[in-house]
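Colleague: I am new to this structure and would be grateful for a close look at a single part of it. Please take one sheet and describe how it is built and what lies against it.

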Amino acid sequence: MDRSLVEKYASPVPRYTSYPTAPHFSADVSTSTYSDWLRALPKGASASLYVHIPYCDRLCWFCACHTKQTRQYDPVARYLKALDAEIASISALAGNRLRVTALHFGGGSPTLLQADDILALGGRLRDSFAFAPDAEISVEMDPNDMDEARFDALAAIGMTRASLGVQDFNERVQQAINREQTFEQTKWVVDAVRARGVHSVNLDMLYGLPHQTLASIEATTEKVLSLRPDRIALFGYAHVPWMKKHQTMIDEALLPDAAARLEQAEAASRLILAAGYEPVGMDHFALLEDSLAVATRSGTLRRNFQGYTTDQADALLGLGASSIGLLPQGYVQNMPATGEYERRVLAGGLATVRGVALSDADHMRAWVIERLMCDFSVSRCELLSRFGEPARAVIAEAELLAANDRDGIFARAGNRFVVTDRGKPFVRSIAAHFDAYLGQGTARHSVAV
Ligand SMILES: C[S@@+](CC[C@H](N)C(=O)[O-])C[C@H]1O[C@@H](n2cnc3c(N)ncnc32)[C@H](O)[C@@H]1O
Ligand code: SF4
């Protein structure tokens, strides 16, 4: 590994879970834009639903998710009433025309919901939308929340996938990030969801945390592998204390530098690959037969706000405070502040506060960036056949980037432009070359590696 390369490409860039990225959304997209876009969805269109629960009963200091800690359940119960109102509004605008192929509960911690509320929310969604019989229902879980009643409720609403936060099993690391969680508790949750028919379990790991060493990361990786998860997400800790005040509780002096982060990522990856997993995009791994690995092999992997996905639905509808949706016409985002979100939806309206209507050029660059992030390559012919003459400008940019590359990270190979193996850790920086918005506005991002 070349240290100068790491330093050169570690400058902050977006994670490209959308294009344009969220800092470029504007108030030009309003509730009436969203209503029009929903009404325009054709009968039989497929949709995936994302439901955001912005509450946790603990606050991990590393966390960059849109969530807040609550010790009482009242705010959660109030929020669920608002969610019901939003579900009713969206369903009135589009519900009877859509076929739901996927439902994802994210957060925060959806598992903080009481079992009765999980059942009621699942029932409300099924009453409001037509679900495909094979719809995937996935749930982000905080293993410390779980009990038998919650497992049963999630099984009853049809959960097929579970994603558990692990981060790191080392006690010293856990104390430094305020996230205590035993291996035994995690194993108990993995076994319990599998016993209830969940066919795919994902575990989230983090590198770049305080006190992590190569040895500690390897020990955590071995423990994770002993549970034989179907998928593993290996995220680099994004330190963004200007956005997330509680991250100031993490001592910056203890954070590894860019080169050490890359070594940690590589050490964990080596063990995961040796255990028979396939790499998926820049930070995921999956067992050979898991649908993420299958999609990677067939070039159909997608990337959205939930990260890498196999979701091919025509529309992604976001429900809940801060949720982001994607329709054929563009992105919409809900009011992030829970109180204001509740006020708007309980008054019978939608909660859209910003978004972006996609131009033809946006669609083209979004496609290029998504293919780079998913396949590490882009086909020149496919670009031309999908986007016609305007694609020539992007092709010229790619030619120039490949021609000027002295680091061996991006190359022209026949009909394709490829991110080389050496370039893969820096794929976000390579994707950023095709981002026409970068540098506009005041957005700050986390480091690229
Ligand atoms: C909503 S949480 C997962 C579910 C549950 N709340 C939990 O923590 O177990 C989503 C995941 O995002 C990742 N994450 C959160 N903050 C992060 C950060 N600052 N940098 C990188 N990944 C982060 C963690 O791996 C975490 O498991
Ligand atoms: S990591 Fe999960 S449990 Fe911890 S604060 Fe973030 S969302 Fe909540």
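Modeller: The model is a predicted one, and a suitable starting point is the pairing of E17 with strand E19 (residues 416-419), two strands that run antiparallel and are joined by 3 bridges. Within this pair, Ser 377 has Val 418 of E19 opposite it. The pair belongs to an open sheet of 3 strands, ordered E17-E19-E18, with antiparallel pairing. Strand E17 (377-379) and strand E18 (410-413) each have a single partner strand and stand at the edges, so one side of each has no neighbour in the sheet. From one strand to the next, the twist averages 20°.

Two helices may now be added to this picture. Helix H13, which comprises residues 380-387, packs on the sheet and touches E17, E18 and E19. The direction of H13 makes about 55° with that of E17. Helix H14, residues 391-404, also packs on the sheet, where it touches E18 and E19. Its direction makes about 115° with that of E18.

For orientation in the rest of the chain, an unreviewed UniProt entry places the feature "domain: Radical SAM core" at residues 41-278. Over residues 41-278 the chain is 39% helix and 24% strand, and the end C-alpha atoms lie 36 Å apart. One of the helices elsewhere in the chain is H8 (residues 214-226), whose buried residues include Ile 217, Thr 221 and Val 224. The cover over the buried residues of H8 includes strand E6 (161-167) and helix H9 (258-274).

Definitions and conventions
Residues are numbered from 1 along each chain as its sequence is written. Chains are lettered from A and ligands numbered from 1 in the order in which they are written. This is a predicted model: local features need pLDDT of at least 70, side-chain atom pairs count only at pLDDT 80 or more; totals for chains, interfaces and linings use all residues. Side-chain values use heavy atoms; hydrogens and water are left out. Buried means under 20% relative accessible area, exposed over 50%, partly exposed in between (1.4 Å probe, protein chains only). Helices (H or I, at least four residues) and strands (E, at least two) are DSSP runs, numbered from the N terminus. Contact means heavy atoms within 4.5 Å. UniProt positions are given in the numbering used here, feature names are shortened, and annotations may be inferred rather than shown by experiment. Two strands pair if DSSP finds at least two bridges between them. Axes are lines fitted to C-alpha atoms, for helices over the stretch in contact, and angles run from 0 to 180 degrees between N-to-C directions.
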